[in-house]
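The following questions and answers are intended for a student who is learning to read a protein model. Please consult the structure while working through each answer.

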Amino acid sequence: FRRVLFRSNTGGPNIGCSFIKLIPDAKGGLKFGDYFTPFNVDFLNAADADLGSAGVLAIPGTDFVVGGGKHAVLFLLDSNKMGKFHAGDDSHAKQAFQATNGDIRGTPIYYDSPTTGKSVYIWGSDDFLKAYQFDGAKFNTTPAAFSSESVTWPGGILSLSANGKTPGSAVLWASHSLGGNANWTSVPGAIKAYDPNTITVGSDGVPRMKTLWDSENSTADRVGMLAKFCPPTVANGKLYVPTFGGYGSPLGSGQLVVYGLLPTAISQAPTLIAASGNGNVQLNWNLVPRAFSYSLWRSEAGGAFQLLSESALPGYIDGTVSNNVTYAYQVVRSEEHTSELQSPCNLVCRL
């Protein structure tokens, strides 16, 4: 293909690799209003380091917009006077600074944090998630906080949910690769949730955001093959994540993964019922929601409980008992990393 070069500053029609402002016209449509183009636009085009790899964020309550691209520079612009093109440097921007180590592929996220104040969050490739404080006129170019881990290409694609400034309600969500470069192939992905208001300075002196949840902590929560550039969507108390299917799925398959708070019913413990016979005990218990497996334990004559069986199905016949001996049974419902213990069922096995 032929790369179209920027020529708007000399009267040409091409205005690629730029921030563009569109305004309403008299006919109800949109017309060209203003623009900003980096000074090194021709280099960016030639190096495939164009500006258009991520979206633009309008900072709430201001006339400023912020965004970046493949060359990892974050631009702060005044939407009323965007700056157009200036040969030699980016002084026509309100602010321009190197914000990440690699590409910016996701739109910056804004949050007015009780901890760090007005902040913009970005997660570039081969870098950490970063929070940059905004004082109403410019950014502090030293990040106020980082994630605890870095990720590879395309970085973290972000969204944020919060009930205003209600303490404890803000969650910063990130979709990212688990390690493989997602540029030319489908790779496993993950979702992480961070608390942007809880920041702890470690022994290395680096302020880190608290990790609230990681989809990799449970097999049941794994998201599958990464759909790059797609931010998690939060609506009605649930998190929606598009993917290319479960791990190992062929390219072209897909699924929508939906996360939410688990219902109260999952805390139910199974109810154990036992009936003694001649040299055996028939044990049955009910299925409970989202139980991964059940383990059955037995104590003989008041001794320690020993594991008798593990199964995904309810029910077991214990044929290793002796008549006229008292046994106690317990059934444990397991769900990945949690379990619920049912009260003992005591009985005497008799003829």
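Q: Which residue in S2 is the bridge partner of Leu22?
A: In this predicted model, strand S1 covers residues 19-24 and strand S2 covers residues 30-37. The two strands run antiparallel and are joined by six bridges. Within this pairing, the partner of Leu22 in S2 is Phe32.

Q: What is the strand order of the open sheet of three strands?
A: The pairing in this sheet is mixed. Strand S1 and strand S6 (84-85) are the edge strands, each pairing on one side only. The order is therefore read from one edge to the other, with an edge strand being one that pairs on one side only: S1-S2-S6.

Q: Which strands are the edge strands of the open sheet of four strands?
A: This sheet has antiparallel pairing and the order S3-S4-S5-S7. Each edge strand pairs on one side only. The edge strands are strand S3 (57-58) and S7.

Q: Which residue in S7 stands opposite Leu74?
A: S5 and S7 pair in the antiparallel sense, over four bridges. Strand S5 comprises residues 73-78, and strand S7 comprises residues 95-98. Leu74 also touches several residues beyond its sequence neighbours, including Gln95, Ala96 and Ile122. The residue opposite Leu74 in S7 is Phe97.

Q: Which residues touch the most other members of the largest nonpolar core?
A: This core has 16 residues. Strand S4 (64-68), S5 and strand S9 (117-122) each give two or more residues to the core. Apart from it lies another core, of 14 residues, which includes Ala131 and Tyr194. In the largest core, the residues that touch the most other members are Ile59, Leu74, Ile122 and Phe139.

Q: Is Arg105 buried or exposed?
A: Arg105 is placed in the loop between strand S7 and strand S8 (109-113). Among the residues it touches, beyond those up to four places away in sequence, are Ser53, Trp153 and Phe229. Its relative accessibility is 16%, and the cut-off for a buried residue is under 20%. Arg105 therefore counts as buried.

Q: Which side chain is joined to that of Arg105 by a polar contact of 3.0 Å?
A: Arg105 lies in a loop between two strands, S7 and S8. A polar contact of 3.0 Å joins its side chain to that of Asp103.

Q: Why does Ala162 count as partly exposed?
A: Ala162 lies in the loop between strand S12 (157-161) and strand S13 (171-177). Leaving aside residues up to four places away in sequence, Ala162 touches Tyr111, Ser169 and Ala170. Partly exposed residues lie between the 20% and 50% cut-offs. Ala162 counts as partly exposed because its relative accessibility is 38%.

Q: How far apart in space are Ala162 and Leu172, C-alpha to C-alpha?
A: Along the sequence, Ala162 and Leu172 are 10 residues apart. In space, their C-alpha atoms are separated by 8.7 Å.

Q: Which side chain shares a polar contact of 3.1 Å with Ser295?
A: Ser295 is found in strand S21 (residues 293-300). At 7% relative accessibility, Ser295 counts as buried. Beyond its neighbours within four places in sequence, Ser295 is in contact with residues including Leu307, Glu310 and Val332. The polar contact of 3.1 Å joins its side chain to that of Trp297.

Q: Which residue in the turn between S19 and S20 has a positive phi?
A: Strand S19 (residues 272-276) and strand S20 (residues 281-285) pair in the antiparallel sense over five bridges. In this pairing, Ile273 stands opposite Asn284. The two strands form a hairpin with four residues between them. The turn residue with a positive phi, of about 80°, is Gly279.

Q: Which element of the chain has the lowest mean pLDDT?
A: The chain averages a pLDDT of 87, and 90% of its residues score at least 70. Over residues 336-351, however, the pLDDT is below 50. Where pLDDT is low, the predicted coordinates should not be read in detail. The element with the lowest mean pLDDT, at 38, is strand S25 (residues 338-341).

Q: What percentage of the residues in the chain are buried?
A: The chain has one helix and 26 strands. Its accessible surface comes to about 17,500 Å², of which 53% belongs to carbon and sulfur atoms. Of the 351 residues in the chain, the buried share is 43%.

How values were computed:
Residues numbered from 1 in each chain as written. Heavy atoms only, no water. Buried < 20%, exposed > 50% of the residue type's maximum accessible area, 1.4 Å probe, protein only. Areas by Shrake-Rupley, 256 points an atom, 1.4 Å probe, with all protein chains shown as cover. Polar contact = N/O pair within 3.5 Å; in protein donor to acceptor, adjacent residues only side chain to side chain. Contact = heavy atoms within 4.5 Å. pLDDT = per-residue confidence, 0-100. Core = buried A, V, L, I, M, F, W, Y, C linked by side-chain atoms within 4.5 Å.
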